[in-house]
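These are my notebook entries on a structure that I had not examined before. I set down what I looked up, topic by topic.

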Amino acid sequence: MLSLRQEITGLKAYSPGLSIAEIQKKYSLSRVIKMASNENPLGLPPLAREALMRHAAEAFRYPQGGNPRLVEALAARHAVDPATLAVGNGSDEIIDLLIRILAVPGKHNLVCFSPCFSIYPIQGQICGVEIRRRPLKQDFLFDFDALLEAVDQNTRLVFVTTPDNPSGHCPPRAAVLRLAQSLAECAPDCLLVVDEAYMDFAGDEKEHSLLAAGILPKNTASLRTFSKCFGLAGLRVGYAVLPQKIADGFWRARLPFSVNILAEEAALAALRDTEFLAASREVVLSGRAVLHAGLEALDCRVWPSEANFLMFRMPEGAPTAAHCFEALLKSGIIIRPLTSYGLPDHLRVSVGDPQENKAFLDAMSRICAAAPSGRPA
Ligand SMILES: *Cc1c(COP(=O)(O)O)cnc(C)c1O
């Protein structure tokens with residue numbers, strides 16, 4: 001009889017935000033606003049669009065092995081040795097591969113918070129690696145001591161997300177540095193993976209990022225992505241700055257062409273589109289403040305965020321989070337329920353453009369004004 005590996009039988013797959021097409025069909029809507037997956041509200045960088053058109057005819061070719069032009073450009077951007085760079089099919093591919101090249105199934109373990117970005121535990125489970133999770137502190141703050149207590153001689157990876165998803169919390173870089181130093185002492189074979197997918201939106205990047213400050217420790221990796229501030233989520237490009245030995249293992253293990261020829265050209269063009277990047281940061285930082293104030297004015301509890309999304313709870317006596325999510329869908333607005341993160345009472349909304357933010361807040365004020373528990377007035 002055909003049978004799956006035991007790790008796969010019990011697997012809960014990643015549950016992505018709903019798509020615009022799904023919701024248009026389900027509720028017969030002509031216009032749907034998606035604020036569910038932290039994509040860039042300004043869309044595609046103009047220089048990337050132009051590069052995609054210009055290079056479309058080359059799509060029949062295989063990409064150059066190892067994406068050397070993109071590696072060079074990223075090394076220059078972060079002033080690091082190109083031999084420390086990894087690029088992949090989204091940072092998801094890099095997370096998956098780091099686990100596979102570092103951890104021996106059935107022997108090693110990885111450590112992360114609960115809740116956290118679900119790709120770390122999911123890919124760890126697929127790989128057959130023990131997952132050790134430790135709860136966040138009150139208010140979604142990081143308890144690095146609890147993470148350290150979970151680490152032993154068989155820990156090969158510790159994952160932290162800064163700014164964090166889904167809360168938006170971002171610790172100062174000094175706290176992350178202390179974690180790296182403690183790990184270097186107690187578990188010299190363990191890699192600290194700092195996922196900085198949202199770091200472009202932090203108020204002060206150098207204050208929060210070891211990579212931006214140019215002081216990435218020898219046992220620490222920094223993960224970045226083109227999916228958020230660079231506006232290329234659909235093309236799938238992520239990258240990492242790694243200890244050189246691990247970068248070397250990454251390139252030997254990575255599928256040869258996982259960053260395709262158009263994705264590579266678009267990423268190179270997006271890196272040059274400094275005007276678009278500045279505008280994206282600006283629209284997110286101002287929109288974040290508008291959404292934060294607007295939700296608080298409705299008596300929602302909102303957590304401080306350094307990312308391009310906000311996590312919030314409905315006010316006491318208002319309709320539940322689940323009801324709010326459904327009611328927003330019916331008005332053509334998709335946000336992210338956090339049940340898959342184990343947070344059924346919390347919701348996450350991505351910062352949109354000014355019209356989208358206004359449509360969301362208008363819909364929220366109608367929903368909050370409705371009778372308690374979602375019963376119609
Ligand atoms: C969005 C996100 C990423 C990016 O994933 P890609 O595969 O590069 O699209 C990585 N980490 C976290 C925590 C994220 O939320």
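The entries below take up the two sheets, the ligand site and some backbone details of this model, which is predicted.

**Entry 1: the sheet of seven strands**

I began with the open sheet of 7 strands and noted its order as S2-S8-S7-S6-S5-S3-S4, with mixed pairing. I then asked which strands stand at the edges. They are strand S2 (85-88) and strand S4 (130-135); each has a single partner strand, so one side of each is left without a neighbour in the sheet. I recorded an average twist of 20° from one strand to the next.

Within this sheet I looked at one pair in detail. Strand S7 (residues 220-225) and strand S8 (residues 238-241) are joined by 4 bridges in the antiparallel sense. Leucine 223 has alanine 240 of S8 opposite it.

Next I looked up the helices that pack on the sheet. H5 touches S2, strand S3 (109-114), strand S5 (155-161), strand S6 (191-195), S7 and S8. The direction of H5 makes about 160° with that of S5. Helix H8 (residues 173-186) also packs on the sheet, where S5, S6 and S7 are touched. For H8 I noted an angle of about 160° with the direction of S6.

**Entry 2: the sheet of four strands**

I turned to the open sheet that 4 strands form, in the order S9-S10-S13-S12, and found the pairing to be antiparallel. Strand S9 (301-302) and strand S12 (336-337) are at the edges, and each has a single partner strand, so each has one side without a neighbour in the sheet.

How many bridges join S12 to strand S13 (residues 346-350)? I found 2, and the two strands run antiparallel. Arginine 336 is placed opposite arginine 348 in S13, so to speak an arginine facing an arginine.

I also looked for a helix against this sheet. Helix H12 (residues 274-297) lies across S9, strand S10 (309-313) and S13. Its run is at about 10° to S10.

**Entry 3: the ligand site**

I next listed what surrounds the ligand: 14 residues, of which the closest are Asp195, Tyr198, Thr225, Ser227 and Lys228. By class, the shell holds 4 nonpolar, 6 polar and 4 charged residues. Which helix gives the largest share of the shell? I found that helix H5 (residues 90-102) does, with 3 residues.

I then looked up individual atom pairs. The side chain of aspartate 195 has an N or O atom 2.6 Å from a nitrogen atom of the ligand. An oxygen atom of the ligand is 2.6 Å from a polar side-chain atom of tyrosine 198. At aspartate 92 the partner is a polar backbone atom, 3.0 Å from an oxygen atom of the ligand. Is the ligand mostly covered or mostly exposed? The protein covers 94% of the 390 Å² of accessible area that the ligand has on its own.

**Entry 4: backbone details**

Finally I went through the loops. Serine 114 and proline 115 are joined by a cis peptide bond, with omega near 0°. I placed proline 115 in the loop between S3 and helix H6 (119-127). The peptide bond joining threonine 162 and proline 163 is cis as well, with omega about -10°. Proline 163 is in the loop between S5 and H8.

Alanine 79 has a positive phi of about 50°, although this residue is not a glycine. I found alanine 79 in the loop between helix H4 (68-78) and S2.

Technical notes:
Residues are numbered from 1 along each chain as its sequence is written. This is a predicted model: local features need pLDDT of at least 70, side-chain atom pairs count only at pLDDT 80 or more; totals for chains, interfaces and linings use all residues. Side-chain values use heavy atoms; hydrogens and water are left out. A residue is near a molecule or strand if one of its heavy atoms lies within 4 Å of it. A polar contact is a pair of N or O atoms within 3.5 Å; within protein, one must be able to donate a hydrogen and the other to accept it, and residues adjacent in sequence count only if both atoms are side-chain atoms. Accessible areas come from the Shrake-Rupley method with a 1.4 Å probe; for residues, only the protein chains shown count as cover. Ala, Val, Leu, Ile, Met, Phe, Trp, Tyr, Cys and Pro count as nonpolar, Asp, Glu, Lys and Arg as charged, and the others, Gly among them, as polar. Two strands pair if DSSP finds at least two bridges between them. Contact means heavy atoms within 4.5 Å. Axes are lines fitted to C-alpha atoms, for helices over the stretch in contact, and angles run from 0 to 180 degrees between N-to-C directions.
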